[in-house]
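User: I would like a close look at one small part of this protein, followed by an account of the spaces and packing elsewhere in the chain. Please keep the explanation suitable for a first-year student.

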Amino acid sequence: MDDVTRRFVAWSSAAGEAAARLVAEIESGRIEVVRFVFADQHGVLRGKALVAREAIGALTKGVALTTTLLAKDTSHRTVFPVFTSGGGFDMPRMEGAADVLLMPDPTTWRILPWSPKSAWVLCDLRFPDGADVPFCTRSMARRALAGFDAHACTLTAGLEVEFHVFRVVDPAMRLHQSGLPGAPPEVELLSHGGEYLTEITYDRVEPVVELLRSGVQGLGLPLRSMEVEFGPSQLEFTFAPTQGIETADNMIFFRTAVKEICRRNGLHATFMCRPKIPNVASSGWHMHQSLTGRDGRNLFVPDRPGEDLSPIGRHYLAGLLAHARGAAALAAPTINAYRRYRAYSLAPDRAVWGRDNRGAMIRMIGGFGDPATRLENRVGEPAANPYLYLTAQALSGLDGITRELEPGPAADVPYETPAPPLPHSLGEALAALKADTIFAKDLGDGFVDYFTHIKEAEIRRFETEVSEWEQREYFDLF
């Protein structure tokens, strides 16, 4: 192993053992292709697929790819001037579409049930000299989560994810339908909507649910339930709580697996918050959170009857509320997401908490004697970058703990209780993110400026394109 490689490899015994198992699978011929992937700024997996003989060496040497992948908005347009001095990032190492390296985390590898000769392995981004790439969101989340070490605990989180699955009528792959982005597929429903948790509707969509359940469990993800949601063609999957970075890893695997499995079977899955279909119901991503001590205890459980949360739980909750506006752009990073925050809609519209109240931004569940006591943040959208969403929760909660903030009384009527409103648009959310000094400091190395630059490019495209509403409103009238 050369000196440069040594800088990258600081594997734990678990990572070393996982790498050895992967190499054994490759050498036996059971795995022929390894997909080395990383979560980009949008939480979209990107990477390269290597054949077996190349994959073994890449475990320690990494896989090179271009820095322009970090410069793209959601249309895949490059929105930084990468061929200028500093590449638009004021960083010489990013100019000229130079390379960064994917450095694998061997503990994350798994065989794809729908492509059984292939394996995934999640990677972090490093510069060729071994330095961290400041825009690697997985590395950012790991650093944020390390803040709980000082409090002798770990962030534990469970996932509750809504999404839509449709049957594809036309995949929209004709020549004139290419572009940035290309035309979306034409689809039809699997269910009509309004049939929330009805058994007969579950049985109707069960063949599709079984495809997804089999693939998701085949990946080793801790699936708990599959449900028919309220909207047309809408489902919800929930997952058992996990600790640390594993929560975000599970979400990125889940979302990608669902889309890949569906596409192979003539279906289209979308984690877009509010698709443009009649009678639509918005999709949310609720993150259930608690802190686990070194002894395995849930540190949110209060010591005395009549209390909702322990002191550390109250401080954590207060941090989530204090940074709710600043964190919104990380939990709901698309223009579309802000169509969901509506009063009396089972989605939050302001920064309040309530006891088992699904209208509040933070739903407190449990209490004295309940080892499952937790906070459910209902603000996120399922299209969020899991690492940024988790980072936002960690930094907010840690600030509340550090400053011993108090959350105030619970809101019994959350849509009427006076409280800071959640942002009404992505632009307003980005302004709140810039104004939040904790995020500006703790996200590190200009990340807020980087992130807002990309998102503002998306907003400019949205504002300069003529919408269907404008065409319908003005074309005939004037």
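Which residues does Ala98 touch, not counting residues up to four places away in sequence?

Analyst: The model is predicted. In this model, Ala98 touches Leu65, Thr66, Thr67 and Arg93, when residues up to four places away in sequence are not counted. Ala98 belongs to the loop between strand E3 (63–66) and strand E4 (99–104). With a relative accessible area of 25%, Ala98 is partly exposed, because that class begins where the buried class, under 20%, ends. The C-alpha atoms of Ala98 and Val51 are separated by 24 Å, and the two residues are 47 apart along the chain.

Other loops show unusual backbone features. In general, most residues other than glycine have a negative phi, and most peptide bonds are trans. Ala172, in the loop between E7 and E8, has a positive phi, near 60 degrees. Ala172 counts as buried, at 5% relative accessibility. Pro181 is also placed in the loop between E7 and strand E8 (186–188), and a cis peptide bond with an omega of about 0 degrees joins Leu180 to Pro181. Asp356 has a positive phi as well, of about 45 degrees. The loop that holds Asp356 runs between strand E13 (353–355) and strand E14 (362–365). At 48% relative accessibility, Asp356 counts as partly exposed.

The interior can be considered next. The largest nonpolar core has 133 residues, and those that touch the most other members are Phe36, Phe148, Val165, Leu212, Phe254 and Leu291. Leu291 illustrates how distant parts of the sequence meet: leaving aside neighbours within four places in sequence, its contacts include Phe148, Cys153, Phe300, Ile312, Tyr316 and Ile401.

There are two cavities of 30 Å³ or more in the structure. The largest cavity has a volume of about 60 Å³. Helix H8 (324–331), strand E15 (374–380) and helix H9 (386–402) each give two or more residues to its lining. H8 provides the largest share, four residues. Among the residues that line this cavity are Leu320, His323, Met361, Asn377 and Gln393. By class, the lining has seven nonpolar residues, four polar ones and no charged ones.

The second largest cavity has a volume of about 40 Å³. Helix H5 (199–218) and strand E10 (234–243) are the elements that give two or more residues to its lining. Val165, already named for its many contacts in the nonpolar core, is one of the lining residues of this cavity. The lining consists of five nonpolar and four polar residues, with no charged residues.

The second largest pocket holds about 980 Å³ of space. Of the 45 residues that line this pocket, Glu160, Glu236, His286, Glu376 and Arg378 lie nearest its centre. Strand E7 (153–170), strand E9 (223–228), E10, strand E12 (285–293) and E15 each supply at least two lining residues. The largest share, six residues, comes from E7. The pocket lining divides into twelve nonpolar, 17 polar and 16 charged residues, whereas the lining of the largest cavity has no charged residues.

Finally, an unreviewed UniProt entry carries the annotation "domain: GS catalytic" for residues 137–478. In the model, the C-alpha atoms at the ends of this span lie 48 Å apart, and the span is 37% helix and 19% strand.

Technical notes:
Residues numbered from 1 in each chain as written. Predicted model: local features only at pLDDT ≥ 70, side-chain atom pairs only at ≥ 80, totals over all residues. Heavy atoms only, no water. 1 Å grid on protein atoms, 1.4 Å probe; cavity = no way out; pocket = protein on both sides within 12 Å on 5 of 7 lines; lining within 4 Å. Points joined across faces, edges and corners; volume = space filled by probe spheres on them. Nonpolar A, V, L, I, M, F, W, Y, C, P; charged D, E, K, R; others polar. Core = buried A, V, L, I, M, F, W, Y, C linked by side-chain atoms within 4.5 Å. Buried < 20%, exposed > 50% of the residue type's maximum accessible area, 1.4 Å probe, protein only. Contact = heavy atoms within 4.5 Å. UniProt positions renumbered as here; feature names shortened; annotations may be inferred.
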